[in-house]
Every structure is written in structure tokens, then in C-alpha cells.
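User: Please take a close look at one helix and its surroundings. I would like a connected account.

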Amino acid sequence: MTIALKLKKALKRKKVVIALICILLCIAALFDFAAKMSEWHREASGRLLKWVDFNVTSEAMRDALQYDADTHGQRYEIHWTDLLACLGARYGGDFSHYKKEHMESIASRLKKGESIEEITADMKYFEYYSVAYESVLGGLVGEYSVQTGQSASGAPEFEQKYGLKAFSPIARGWAFSHSDDFGASRAFGYKRRHLGHDMFGSVGTPVINVETCVVQVLGWNRYGGWRIGMRSLDGRRYYYYAHLRSGHPYAAGLEEGQTVYAGDVIGYLGMTGYSENEDYNGMQRPHLHFGVQLIFDENSKNEIWIDPYELIKFLGSHRSAAVSVGGGDYKRERLYYDSIE
């Protein structure tokens with residue numbers, strides 16, 4: 001046997017071995033995915049999830065919201081989180097596969113009178129995605145009242161509405177830039193992942209309360225600088241706003257324990273943090289760090305932070321206008337009342 005032939009056979013055996021290894025790795029990955037999905041299913045059954053990977057696109061959220069709004073008050077109401085959970089179960093949570101016709105097919109069946117239980121009977125992981133997506137989006141759509149003008153006597157006039165009642169974290173009229181930076185590395189203090197989303201803008205830009213919440217935390221943090229922690233009324237979502245303005249971080253009158261409506265001004269964009277020294281501008285560029293944490297178990301040490309990038313894109317079409325009240329402070333332009341149960 002020539003040396004060339006021996007090398008050829010050895011190379012062939014090597015390719016076979018590599019192919020077998022690849023197959024084994026794929027099988028192992030599939031078993032791992034199946035085990036994780038089984039765990040998700042058990043967790044969803046108990047309504048306590050230990051992990052949520054939120055990959056719903058802003059396009060899918062907009063389409064689902066449109067079905068929800070169009071059918072509100074009709075005989076067959078379509079809830080947007082139901083549509084998204086159906087697709088989540090179909091895609092395994094990966095909305096890069098999203099197609100509008102997939103949502104249209106589910107909505108058509110609901111409009112014809114099929115129940116969501118009938119449609120999802122064979123969807124093994126629907127319950128998991130239902131709990132996960134309702135936890136992320138549950139407080140963002142509903143009934144609310146917004147000021148539309150004033151009467152001849154000067155009294156505010158209101159209109160009852162139904163639809164998106166949450167707002168972008170940045171006030172209307174103020175520019176910002178952003179990209180999906182969730183999970184990027186951070187080195188200050190210790191090496192850690194970036195569990196939020198940075199929105200770059202100018203110092204003093206009014207920061208808006210996304211959802212009607214209770215102020216849970218105010219004050220200084222060596223990592224986040226001046227920051228605000230807001231808790232949703234259903235207790236499931238914790239919104240974190242960090243790196244607020246030096247010297248004047250908060251809207252006038254903001255206090256811990258206070259209930260604040262969606263769309264209200266709560267603070268001002270800055271660049272504080274990354275320092276043991278209070279009120280120090282330790283960031284290289286002024287920006288708002290915006291984070292969303294899901295809370296299923298108050299006693300759990302497991303922190304479930306989701307990537308809010310697509311959520312912020314979705315909320316980008318709904319920005320609260322703010323007007324100056326002097327002294328560097330702003331307030332929302334129009335009166336607003338959330339329909340709080």
C-alpha cells in the first residue's frame with residue numbers, strides 16, 4: 001500500500017469520526033432542549049418560571065396588538081398574548097421564523113368561534129409561553145382615559161380608550177440611539193453581563209414611566225448611579241432606570257411607595273455611576289440604562305432579566321409628550337388615567 005493511499009484512507013476515517021461526533025453533539029443538544037422544555041412545562045404548570053428567553057419581535061407584537069384592539073368588546077375577543085404564546089410554542093420561542101400569515105391562521109380560527117383551548121390542545125408548551133409572555137406584556141394593554149382638550153370653562157375633557165397603555169422610556173421629541181446590547185460584558189467592579197438596554201441621548205432628557213407602577217427604590221448605586229426601581233401593580237415586572245442626571249436625577253415629588261401612572265415623567269437621563277462617590281459622572285456617554293426583571297418568586301435568588309430591545313422598538317410608536325415646568329423639570333403634557341382594578 002502506497003503512502004498516498006494510506007493517507008487517503010486515514011483522512012476518510014477522520015471525516016467519518018468528525019461526522020459521528022457532529023451527529024452525537026446534535027443528538028445531545030436535542031436531548032438537552034427536550035429536557036429544558038420539559039422543565040419549562042413543569043414550571044409553567046406551577047406558574048413559577050425560573051427562566052424566560054423573550055425573543056418576540058416588535059413586528060409580531062404590533063400585529064398581535066392590532067387583532068386584540070380590533071376585536072375588543074366583540075363576541076370573539078382575541079387576546080394578543082394568546083396569539084404570541086401560540087406562535088412561541090410553534091417556533092420554540094424563536095421569532096426569527098415569524099410570518100404574519102401564521103398569526104392570521106390562528107386569529108381566523110378564533111374569529112370562527114374556536115376556543116384558545118381547542119387550538120392549543122396539541123401544543124405541549126403553550127402554557128409555558130402563555131405564562132412567560134403574559135408576565136412580560138400583561139400590563140401593557142387595556143383601558144385608559146386620556147385628556148383630549150378643555151371645555152369652555154377650562155375643565156379637562158377625557159376620552160375612554162382601549163389599546164396600548166404603556167410608553168417608551170424616552171419622552172416624545174427627544175432623540176436617542178440604541179442597539180441590542182443585552183448580555184454584553186461589563187467590567188466595573190467585577191466581570192458581569194449587561195442585563196439591560198442602553199438608550200443614548202442628551203443629559204436632561206425626560207425619562208418616562210413605561211407602565212403604571214409603584215416606586216420601589218430610589219437612590220444611589222455604585223453601578224447604576226442615581227437610579228429608580230418601579231414595580232408593576234400585578235407584582236410581576238420590575239423596571240430599572242439607571243445613570244440618571246447628576247445633581248437633579250428625579251422628577252419633582254417622586255417618592256418611594258408612590259403610585260405613578262404610565263407616561264409620567266420620573267427622572268432625567270444622565271451619566272452617573274461606576275463610582276463609590278455619590279453623584280459622580282462615571283459613564284463615558286450620557287444614556288439611560290433600562291432593565292426589565294420578571295418576578296415569580298419573592299424568595300428566589302434567581303434573577304430573571306429579559307432582553308427589552310424589541311419591546312422598546314415596539315413602544316417607540318407610543319411616546320409620552322413632556323412640557324417644561326421650569327427649574328429643569330418636566331411633566332407630561334396631557335392628563336392620563338389608567339383603569340386600575
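Analyst: What follows covers helix α4, the loop before it, the residue after it, and then a surface patch. The model is predicted.

Start with the helix itself. α4 spans residues 100-111. It has twelve residues. From its first C-alpha to its last, α4 reaches 16 Å, close to the 16 Å expected at 1.5 Å a residue.

Next, its buried face. His-102, Met-103, Ile-106, Ala-107 and Leu-110 are the buried residues of α4. They lie on the same side of the helix, because they cover an arc of only 130 degrees around the axis. The spacing fits a general rule: an α-helix has 3.6 residues a turn, so residues three or four places apart point the same way. The buried residues of α4 pack against three helices: α2 (58-71), α3 and α5 (116-119).

Now the two ends. Upstream, a loop connects α3 (80-91) to α4, and Gly-92 is found in that loop. Gly-92 is partly exposed, with a relative accessible area of 29%. Its C-alpha is separated by 9.2 Å from that of Tyr-129, 37 residues apart along the chain. Downstream, Gly-113 comes just after α4 and takes a positive phi of about 110 degrees.

Finally, the surface patch. Phe-158, Leu-335 and Tyr-337 form a nonpolar patch on the surface. Together they have about 260 Å² of accessible area. Tyr-337 lies in strand β16, residues 336-338. Its relative accessible area is 39%, so Tyr-337 counts as partly exposed. That value also passes the patch cut-off of over 30%.

Technical notes:
Residues are numbered from 1 along each chain as its sequence is written. This is a predicted model: local features need pLDDT of at least 70, side-chain atom pairs count only at pLDDT 80 or more; totals for chains, interfaces and linings use all residues. Side-chain values use heavy atoms; hydrogens and water are left out. Patches are made of residues with over 30% relative accessible area and no salt bridge: like charges are joined within 9 Å, nonpolar side chains (Val, Leu, Ile, Met, Phe, Trp, Tyr) within 5 Å. Accessible areas come from the Shrake-Rupley method with a 1.4 Å probe; for residues, only the protein chains shown count as cover. A salt bridge is a side-chain nitrogen of Lys or Arg within 4 Å of a carboxyl oxygen of Asp or Glu. Helices (H or I, at least four residues) and strands (E, at least two) are DSSP runs, numbered from the N terminus. Buried means under 20% relative accessible area, exposed over 50%, partly exposed in between (1.4 Å probe, protein chains only). The expected span of a helix is 1.5 Å times one less than its number of residues. The arc is that of the directions from the helix axis to the C-beta atoms. Contact means heavy atoms within 4.5 Å.
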